[in-house]
Amino acid sequence: MDKDDIEELRSVFPFISSFEQPDIDLMADATRIGRFSKGTILRDRKESIDGIVYIKEGLLRVYTNDGEKQMLLYYVPDGHVCVMTAPKICQSQAIEYHVETASDALLYIIPDEVITRLEKKYPELRNFIDSRLAMRLDRLFDELDGMLRESQSEQIENYLDYMSRILRKDTFMIKHTDIARDLGIRRESVSRILDRMQSEGKVEISRGCIRLLRNQAVNQA
């Protein structure tokens with residue numbers, strides 16, 4: 001890692017400012033930087049990269065899989081941290097989950113053995129991990145509770161709004177099959193609902209691309 005990489009990690013992990021220089025060097029030397037192609041499994045039942053991940057570029061997808069059907073838990077966009085790739089650190093066994101790259105990605109990976117070693121000396125490191133995990137799980141359970149109460153149309157509308165927020169744009173590439181997979185809805189139902197949303201002026205659909213037209217809908221109202 002060069003100085004720019006270290007400074008970026010300082011901005012992401014504020015606890016580094018309290019580290020002594022030898023420990024900063026330890027983390028810098030141990031951190032791996034790698035490019036991963038879309039669909040790379042970072043954590044499942046059989047394997048894990050065993051480290052906390054900072055997403056420099058790209059998007060991670062966290063989901064459950066019962067062997068027959070997948071269900072989205074959440075996405076982690078660039079500029080954010082994923083602790084679920086370090087199961088020994090986050091100690092989250094409440095649900096069986098998987099993590100994969102939802103796009104080509106550039107990732108910084110801090111191995112869990114380094115985190116384990118340093119958290120004994122710097123309690124703020126453990127606090128950072130616990131706070132991120134608690135925040136993520138709270139949001140997850142809120143979203144799952146909401147999905148159980150929503151119609152399929154509401155699920156899809158909220159899903160598209162969610163994707164727009166994490167990707168920070170109103171136009172994005174996504175397939176009907178991806179939406180169906182993430183929400184556990186039949187592809188035919190997704191297509192039917194999106195067609196209706198387009199006729200209502202809520203979205204504009206082209207091949208593999210969806211554009212949200214919520215501002216236009218507000219103006220028309």
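Where is the place of T31? In this predicted model, T31 is found in the loop between helix 2 and strand 1, the strand that covers 32–36. Is T31 buried or exposed? Its relative accessible area is just 8%, and the cut-off for buried is under 20%, so T31 counts as buried. If you look at what surrounds T31, leaving out residues up to four places away in sequence, you'll find that it touches M1, L9, Y108, I109, I110 and P111. The side chain of T31 also reaches back to M27, coming to 2.7 Å from that residue's backbone oxygen.

Now let's step back to the whole protein. You can count nine helices and 11 strands in it. Of its 221 residues, 46% are buried. Take the contacts between residues at least 6 apart in sequence: 70% of them join residues that are at least 24 apart. On the outside, the protein exposes about 12,000 Å², and carbon and sulfur atoms supply 47% of that area.

Next, the aromatic rings. How many aromatic pairs does a search of the whole structure find? The search turns up six. One of them is F13 with F15: the ring centres are 5.4 Å apart and the planes meet at 45°, so this pair is tilted. Both partners are tucked away, with F13 counting as buried at 1% relative accessibility and F15 counting as buried at 6%.

F15 has another ring partner, F128. Here the centres are 5.2 Å apart and the planes stand at 70°, which means the pair is edge-to-face. Why does this pair tie together parts that are 113 residues apart in sequence? F15 sits in the loop between helix 1 (3–12) and helix 2 (21–30), while F128 belongs to helix 5 (residues 123–149), so their pairing bridges that stretch of sequence. F128, at 7% relative accessibility, counts as buried too. Zoom out a little and you'll see that ring pairs link F13, F15, F19, Y122 and F128 into a cluster.

Rings in this model also have charged company. The charged end of R43 sits over the ring of Y97, 4.3 Å from the ring's centre. Over at Y63, it is R61 that lies over the face of the ring, at 4.3 Å from the centre.

Key:
Residues are numbered from 1 along each chain as its sequence is written. This is a predicted model: local features need pLDDT of at least 70, side-chain atom pairs count only at pLDDT 80 or more; totals for chains, interfaces and linings use all residues. Side-chain values use heavy atoms; hydrogens and water are left out. Helices (H or I, at least four residues) and strands (E, at least two) are DSSP runs, numbered from the N terminus. Buried means under 20% relative accessible area, exposed over 50%, partly exposed in between (1.4 Å probe, protein chains only). Contact means heavy atoms within 4.5 Å. Accessible areas come from the Shrake-Rupley method with a 1.4 Å probe; for residues, only the protein chains shown count as cover. Rings of Phe, Tyr and Trp (its six-membered ring) pair if their centres lie within 6.5 Å; planes under 30 degrees apart count as stacked, over 60 as edge-to-face and the rest as tilted. A charge sits over a ring if NZ of Lys or CZ of Arg is within 6 Å of the ring centre and within 35 degrees of the ring normal. A polar contact is a pair of N or O atoms within 3.5 Å; within protein, one must be able to donate a hydrogen and the other to accept it, and residues adjacent in sequence count only if both atoms are side-chain atoms.
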